[in-house]
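Hi everyone, thanks for making time this morning. Let me put the structure up, and then I'll walk you through a few parts of it.

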Amino acid sequence: DGELAVLADVSFTVNDGDFVAFVGTNGAGKSTTVKIMCGLLEDFEGKVDVLGYDVRENDIEVKKRIGYIPENAVMYEHLTPMEYLEFIGTMYGLERKEVARKADELLSLFEMRENKDERMVNFSKGMKQKVHIISGLLHNPEVIFMDEPLNGLDANAVIIVKEVIARLAKEGKTIFYCSHLMDVVEKIASRVILINEGTIIAN
């Protein structure tokens, strides 16, 4: 029918506690792979299991247990970071008190505590990206998917995020990190998977 496959025979297993770097150039198929694993794309052939759940049949169960940090996410910019994180926490079924405690802790870590009650409409891309990262970690997910999380961050924020990622890896979190660069992952990743033109070329 003339359709072009974005991914072809992509197959791999990620073990509990792995830090997998999924590396490829822009357009290689990284984001598509992650969106399928996170239950955000339904139109695919094949089978995908995350944490023992078939993504096609149990996408809600998968979404409850994972953290997804995209490169560019849509957010409610007229909210403050605290309001936005309360909204995200409620969606995950967290107690309001627990959300406030965790959000305060993470905002402090990312040097954004003083901005927690400001409207995000005036935030820089980097500040918004920090809030995205926090929202993906808020519910203490079992698996964390990161898709180019450093884009738009200033040098200081990049250092903080690298430290957070290293800490999560040390704690034994399962991390699937997509990037077109090796600099972040080469020192802390336990495995590197290379993808090119929708096909895995090294694992």
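Let's begin with α3 and α5, whose axes come within 10 Å and cross at roughly 30°. Since angles under 35 degrees count as roughly parallel, α3 is therefore roughly parallel to α5. The two helices, α3 and α5, make a right-handed crossing. On the α3 side, the contact uses P81, Y84, L85 and I88, and these meet V131, H132, I134 and S135 of α5. If you sort the residues of this α3 and α5 contact by class, you get six nonpolar, two polar and no charged. Please keep in mind throughout that this is a predicted model.

Now for a second partner of α3. Helix α4, residues 96-109, packs with α3 at an angle of about 130°, and the axes are 10 Å apart. That angle makes α3 oblique to α4. As for the hand, α3 passes α4 in a right-handed crossing. Which residues of α3 and α4 meet here? From α3 we have P81, M82, L85, E86 and G89, and from α4 we have R96, V99, A100, A103, D104 and L107. By class, the contact of α3 with α4 has seven nonpolar residues, one polar and three charged.

You may have spotted P81 and L85 in the α4 contact; P81 and L85 are also among the α3 residues that touch α5.

Staying with α3, let's turn to a pocket. Which element gives the most to the lining of the second largest pocket? That would be α3, with four residues. At least two lining residues each also come from α1 (30-37), α2 (59-65), β4 (66-69) and α5 (125-137). The volume of this second largest pocket is about 660 Å³. Its lining has 26 residues, and the ones that lie nearest the centre are L40, Y68, I88, M91 and Y92. I88 is a name you have heard already, as one of the α3 residues in the contact with α5. In terms of class, the pocket lining has 15 nonpolar, six polar and five charged residues.

Last stop: F12, which sits in the segment before β1 (19-23). Leaving out residues up to four places away in sequence, F12 touches F22, T33, M37, F176, R191, I193, I200 and N203. How far apart are the C-alpha atoms of F12 and T80? They are separated by 39 Å, with the two positions 68 residues apart along the chain.

That's my tour, and I'm happy to take questions.

Terms used:
Residues are numbered from 1 along each chain as its sequence is written. This is a predicted model: local features need pLDDT of at least 70, side-chain atom pairs count only at pLDDT 80 or more; totals for chains, interfaces and linings use all residues. Side-chain values use heavy atoms; hydrogens and water are left out. On a 1 Å grid over the protein atoms alone, a cavity is a set of points where a 1.4 Å probe fits but cannot get out, and a pocket is an open set with protein on both sides within 12 Å along at least five of seven lines; lining residues have an atom within 4 Å of a point. Grid points are joined across faces, edges and corners, and a volume is the space filled by probe spheres set on the points. Ala, Val, Leu, Ile, Met, Phe, Trp, Tyr, Cys and Pro count as nonpolar, Asp, Glu, Lys and Arg as charged, and the others, Gly among them, as polar. Axes are lines fitted to C-alpha atoms, for helices over the stretch in contact, and angles run from 0 to 180 degrees between N-to-C directions. Angles under 35 degrees count as roughly parallel, over 145 as roughly antiparallel, 65 to 115 as roughly perpendicular and the rest as oblique. A crossing is left-handed if the near helix is turned anticlockwise from the far one by less than a right angle, and right-handed if clockwise. Contact means heavy atoms within 4.5 Å.
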